[in-house]
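Please read the following account alongside the model. It moves from strand pairing to domains, then to the ligand and the nonpolar core.

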Amino acid sequence: YSTLRLILGDQLNARHSWFSKQDDECVYVIAELLQETGYVKHHVQKICGFFLAMEQFAMALQKAGHQVLHLTLDETRDFKDLPSLITHLCQQYSIICFEYQRPDEYRLLEQLRDFEVDKSFKKTISKKEWDTEHFLVPFDELAKRFKPGKPGRMETFYRKMRQQHNVLMCDDQPEGGQWNYDAENRAKLKAADLEKIPEPLVFASSTSSVLERLKRHNVQSFGEIGTHLLWPITRQQSLKLLNYFCTHCLPRFGQFQDAMTANSDHQWSLYHSRISFALNTKMLHPKQVIDKAIKAWQENPDAISLAQIEGFVRQILGWREYIRGVYWSNMPDYESLNFLKAEKDLPEWFWTGQTQMSCMHHAITQSLQYAYAHHIQRLMITGNFCLLAGIDPDQVDQWYLGIYIDAIQWVELPNTRGMSQYADGGMVASKPYAGSGNYVHKMSDYCGGCVYNVKEKEGESACPLNSLYWHFMEKHRELLHKNPRTALVYKGWDKKMLADRNAILKRAKWCVNNLNSL
Ligand code: FAD
């Protein structure tokens, strides 16, 4: 071979221009690496999902006539990192050209850019970086559209994206005359709605060979896994999941986007798509997802209202691309921001789900079981708790980066540190997403089965979120009472009797000091 092309685990894009023609002089390398299993403690389903999808991708490339080296941990165990493996392979195959697709994670981009491929050889080896051809905003445009350290607004970005890509537009006006149909969405699930929720479409790929390898190489992980993985590991499976979503879930996607239920044995993903893993590994392209969903809406406007399709498009054309812009315009500083100076340890029950708070118990248990929670569970259950309790954002990040099947730093970090923890001081969110037990009660049926009382704010049986909420608002009064979006909250609080406020804050202090006992 003369050219070695590296494919990372989240670069499984069969439509990349690399693969438009076969070249026997070019070898593609897909490698399981201890470096990637160890930069954070991962959910076991996440490691299995990536390794199985990489294996399938290698097989598909081979079948299409490409030269492929698929290396498992058995073959790469002795290489301390990615550069040392590449150096070895370049030597072994007398490579003259090393090529890679630009990694989406800062950590890997630095590693590959810093790596001098021909340092230890006598001959010159050229190095070339390619685009991943995945995102809708070209990498080079990010710096123009996102200013480092500056709060931007997703809504402004999203409207421009709609115009630029001509998505849900009627000439120069938004489809239906409005850009945003949020007001029509966000319903709570009633008991009668529960029966109508479609069962999630799941797959069944054997996990045994990967699990044996993880054991053999002493890879640390957490979470549950069975003999079969439920997540899509091929492009075909990903497309099936997308089709299933468009037919069965899209008609109510927006309506129940923020709803949560404890009744989650067969209904753990509600009307959500669960395509984040397929998107983030690049088995699916965002435009392909948007086009498919819009086609479903156009073909069946009676079943799928404009509010549903607009809500879905906003997540992918808007949020996903926006979050990536925030990441690249602010790294590496972003990963150590701690605007609210939060420093408490993450409670131990985040790793077990063993807490008496029903909402936390359900969201965490489900995450351990499926390596999945939907957006509002991540933002308003686990994220909200960490925000109110003042948990060190480094620990919060590590947990989110490890536990979810779709967690890759470029998308995890601005969502966790920014949107949910306000540790970036408002670059992603215009106010902290803080809520009391009242919010959880409004949007879910979690509170019904809880030992704590959501109506109480003080005393031992009071829902911890209620007092923690006021404790948070008091602690950050200086900052938040200036913000027009939070200033009003203080009006009601300040009118309360001093003794009542003190009793609530006393309960909060106990909670903050006894997080592990909640
Ligand atoms: P759906 O609800 O069906 O939405 C469709 C798609 O829209 C998702 O697959 C995703 O690609 C995109 N999307 C929706 N919201 C966002 C968002 N805020 N940012 C980026 N893309 C979005 N998403 C990840 O992909 N990886 C992460 O590591 C991740 N960490 C998160 C951490 C926190 C604290 C929060 C609040 C959100 C996080 N998200 C993350 C965003 C979002 O919660 C997930 O994308 C979504 O829950 C995935 O499930 P789904 O595919 O069923 O999504």
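**Strands, domains, ligand and core**

Strand E5 (residues 97-101) and strand E6 (residues 126-130) pair in the parallel sense, with five bridges between them. This is a predicted model. Within the E5 and E6 pairing, Phe98 has Lys127 of E6 as its bridge partner. E5 also pairs with strand E1 (residues 3-6), again in the parallel sense, over four bridges. There, Thr3 is matched with Cys97 of E5.

The domain assignment divides the protein chain into domain 1 (3-130), domain 2 (139-330) and domain 3 (348-517). Taken over C-alpha atoms, the centres of domain 1 and domain 2 are 28 Å apart. Their contact involves 26 residues from domain 1 and 24 residues from domain 2. On the domain 1 side, the elements that contribute two or more residues are helix H1 (34-38), strand E3 (42-43), helix H2 (44-63) and helix H3 (73-76). H2 gives the most to this side, with nine residues. Sorted by class, the side of domain 1 that touches domain 2 has ten nonpolar, ten polar and six charged residues.

Where does the ligand lie with respect to domain 2 and domain 3? Both domain 2 (139-330) and domain 3 (348-517) give residues to the shell around the ligand, so the ligand lies between them. There are 28 residues around the ligand, of which His272, Ser273, Ser276, Gln315 and Glu412 come nearest. Two or more residues of the shell come from each of helix H11 (276-280), helix H13 (306-330), helix H15 (375-389) and helix H17 (409-420). H17 supplies the largest share, six residues. The class make-up of the shell is eleven nonpolar, twelve polar and five charged residues.

The last topic is the nonpolar core. The largest such core holds 139 residues, and Leu250, Ala293 and Leu388 touch the most other members. The largest share of this core comes from H2, which gives eleven residues. H2 is also the element that gives the most to the side of domain 1 that touches domain 2. What does Leu388 contact once its neighbours within four places in sequence are left aside? The contacts of Leu388 are then Ala434, Leu465, Leu468, Tyr469 and Phe472.

Definitions and conventions. Residues numbered from 1 in each chain as written. Predicted model: local features only at pLDDT ≥ 70, side-chain atom pairs only at ≥ 80, totals over all residues. Near = placed C-beta within 6 Å. Nonpolar A, V, L, I, M, F, W, Y, C, P; charged D, E, K, R; others polar. Domains from an automatic or database assignment. Contact = placed C-beta atoms within 7 Å. Pairing = 2+ DSSP bridges. Core = buried A, V, L, I, M, F, W, Y, C linked by C-beta atoms within 7 Å. Buried ≥ 20, exposed ≤ 12 C-beta atoms within 10 Å, placed from the backbone.
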